Amino acid sequence: MMKKILFVASEVVPFVKTGGLADVAGSLPKYFDKEKYDVRVVLPKYACMKEAFKKDLKYKLHFYMDMNWRNQYVGIFETVYEGVTFYFIDNEYYFNVSAPYSDIVNDAEKFVYFSKASLCMLPQIGFKPDVIHCHDWQTGLVPAFLDHFRKNDEFYQGIKTVFTIHNLRFQGIIDKNRARDIISLPEYYFEGQYLEAYGCVNFLKGGIVFADKVTTVSNTYAEEIKTKFYGEGLEALMNQKAGDLVGIVNGIDYTDFNPETDPHIVKNFNVDNFRKEKKKNKKALQEELGLEVDPNKMMIGIVSRLTDQKGFDLVNHVMDELCQDNIQIVILGTGDKKYENSFLHYAWKYSGKVAALIYYSEPMSHKIYASCDAFLMPSLFEPCGLSQLMSLRYGTLPIVRETGGLKDTVEAYNEYEKTGTGFSFANYNAHEMMHTVRYAEQIFYDKKRDWNKIVEHAMKKDFSWANSARLYEELYETL
Ligand code: ADP
Ligand code: GLC
């Protein structure tokens, strides 16, 4: 029998994206066995979604939903994209916004509404999923509401839930009184064994407590979050839930990220011809960004949200030293002002050598993945990380800190065995990072054959969804 699955997520490619969550929620559904799984996705109908898709959304129906003392309009729109059905929840008051997230005061209510509406729409549209698969704190209340609905409404009985943690740092924490005001659940849900943590209401905790299974996006992160350093205050809960917690490493969309067919890059290439062709992209990017044009110069890329999570204080700390080396550094990202400004400063100080692109651009990200020789990702913590997978796919060798998914997906070069797909270091230490970058430089300039071997290994690795989608299927079968 066909199993019905509903993904609930606050951002989904290709419609709206701020980070890797959107990549996962948008690409994974395509990779389930279509004979056995009918996977659909629900997301908010944000005003800031990509314009090109707005005209394809078809109005389906609307109804009104109770949010305690309010009664809110819920419109449902639908589109089918690459064989997957996507539902969009429409409400101007919540989703007429210029970015998916703002501050927690607004976001909390917005995602209470979204979570509840995702459940309330189901009898209306006549879709009863076997499994609802929720992602991150924004959807943490879905399993909690479902727990309540099941007790009063036969329609919801038998529906199981999976909750995936993409990032334990973001939990959706609000004051209890505010929570009582916007979350229409009986009082006991706000107690310590359920939604409450440290005196507040915690949306993520709701997802973890009420879901039938909890997953996170790599094996190493699944272990790390049971410790104090990575547990973000929820380590005791993670240990308690250990029996229902599994790590399933992310994949990426191998069609969208394919150096052989990528329309965003100047010169397509593959594992057989990258030695000659890949650097044509580098040359074009050097020209485009006003860097010194020399295709033989080592170029290191960064494409990232500019936040503490990603280890940029390490980069800042040794940037002057690194810039003495024979390298170029290209940064694409937005985020904390301190990092935006410091990278702009270095681009000014080392003009021709450093480019700081403080904006969001998918085409530019592809150019960087394709053009660079190495990709720097020294994260403080990294649940999975997709950028290093994209880099591997384009033969751009990741230089990473051994944490979370970075540890699980990048194999350090071993100069004796001639194995590996990149470079890594263990401790969160700026000089350890710098030594690893310099080691990579040395291989790049002095041992080109070895470097190219590593590129070959990297490009031959398979981080498509093929493997991980099967693991999710197996998980659904256990429910
Ligand atoms: P996270 O989800 O923590 O931000 P991931 O590595 O999982 O990190 O995913 C980041 C995703 O966002 C990747 O697809 C990356 O290419 C993309 N991305 C990040 N910053 C930018 C940017 N400024 N422009 C384009 N894409 C970006
Ligand atoms: C989060 C994590 C990142 C992960 C992504 C998708 O944003 O920070 O490591 O790859 O989610 O799961």
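How far does a polar side-chain atom of R305 lie from an oxygen atom of ligand 1? In this predicted model, the distance is 2.7 Å, and the legends below take up the surroundings of ligand 1, then those of ligand 2, and then the strands β1 and β2 with their partners.

**View 1. Polar contacts of ligand 1 in the predicted model.** Around ligand 1 there are 22 residues, of which G20, R305, K310, Y369 and L386 come nearest. An oxygen atom of the ligand is 2.8 Å from an N or O atom in the side chain of K17, and an oxygen atom of ligand 1 also has a polar side-chain atom of R305 at 2.7 Å. The backbone takes part as well, since a backbone N or O atom of L386 is placed 2.8 Å from an oxygen atom of ligand 1. Taken alone, ligand 1 exposes 570 Å², and the protein buries 93% of that area.

**View 2. Elements and residue classes in the shell around ligand 1.** Two or more residues of this shell are given by each of α1, β13 (298-306), β14 (327-335), α14 (362-371) and α15 (387-393). The largest share, three residues, comes from strand β13. When the shell around ligand 1 is divided by class, eight residues are nonpolar, nine are polar and five are charged.

**View 3. The surroundings of ligand 2.** Ligand 2 has 14 residues around it, and those that come nearest are H166, N250, E382, C384 and G385. Two side chains may be followed in this view: a polar side-chain atom of H166 lies 2.6 Å from an oxygen atom of the ligand, while an N or O atom in the side chain of Q309 is 3.0 Å from an oxygen atom of ligand 2. From the backbone, an N or O atom of G385 lies 2.7 Å from an oxygen atom of ligand 2. Taken alone, ligand 2 exposes 310 Å², of which the protein buries 94%. Helix α1 gives the most to this shell, with three residues, and by class the shell around ligand 2 holds six nonpolar, six polar and two charged residues.

**View 4. Strand β1 between its two parallel partners, β2 and β6.** Because five of its six residues are buried, β1 is largely enclosed by the rest of the structure. Strand β1 (residues 3-8) runs parallel to β2, to which six bridges join it, and also parallel to β6 (residues 131-135), with four bridges between them. On the β2 side, K3 has Y37 as its bridge partner, and K4 stands opposite D38. On the β6 side, the residue opposite F7 is H133.

**View 5. Strand β2, its side chains and its pairing with β5.** Strand β2 covers residues 37-44 and is mostly covered, with eight of its eight residues buried. The side chains part into two sets: Y37, V39, V41 and L43 point one way from the strand, and D38, R40, V42 and P44 point the other way, yet all of them are buried. Besides its pairing with β1, β2 runs parallel to strand β5 (residues 84-90), to which five bridges join it. Within that pairing, V41 has F86 in β5 as its bridge partner.

**View 6. The β-α-β unit and the tyrosines Y31 and Y37.** Strand β1, helix α1 (residues 20-27) and strand β2 together make a right-handed β-α-β unit. Y31 lies in the loop between α1 and β2, whereas Y37 is found in strand β2. How do these two residues stand in terms of exposure, buried or partly exposed? Y37 has a relative accessible area of 7% and is therefore buried, while Y31, at 24%, is partly exposed, the cut-off for buried being under 20%. Separation along the chain and separation in space can also be set side by side for each tyrosine: Y31 and S468 are 437 residues apart in sequence and 9.1 Å apart in space, C-alpha to C-alpha, and Y37 and E321 are 284 residues apart in sequence and 53 Å apart in space, again C-alpha to C-alpha.

How values were computed. Residues are numbered from 1 along each chain as its sequence is written. Chains are lettered from A and ligands numbered from 1 in the order in which they are written. This is a predicted model: local features need pLDDT of at least 70, side-chain atom pairs count only at pLDDT 80 or more; totals for chains, interfaces and linings use all residues. Side-chain values use heavy atoms; hydrogens and water are left out. Buried means under 20% relative accessible area, exposed over 50%, partly exposed in between (1.4 Å probe, protein chains only). Two strands pair if DSSP finds at least two bridges between them. A crossover is right-handed if, with the strands pointing away from the viewer, the path from the first strand over the helix to the second runs clockwise. A residue is near a molecule or strand if one of its heavy atoms lies within 4 Å of it. A polar contact is a pair of N or O atoms within 3.5 Å; within protein, one must be able to donate a hydrogen and the other to accept it, and residues adjacent in sequence count only if both atoms are side-chain atoms. Accessible areas come from the Shrake-Rupley method with a 1.4 Å probe; for residues, only the protein chains shown count as cover. Ala, Val, Leu, Ile, Met, Phe, Trp, Tyr, Cys and Pro count as nonpolar, Asp, Glu, Lys and Arg as charged, and the others, Gly among them, as polar.
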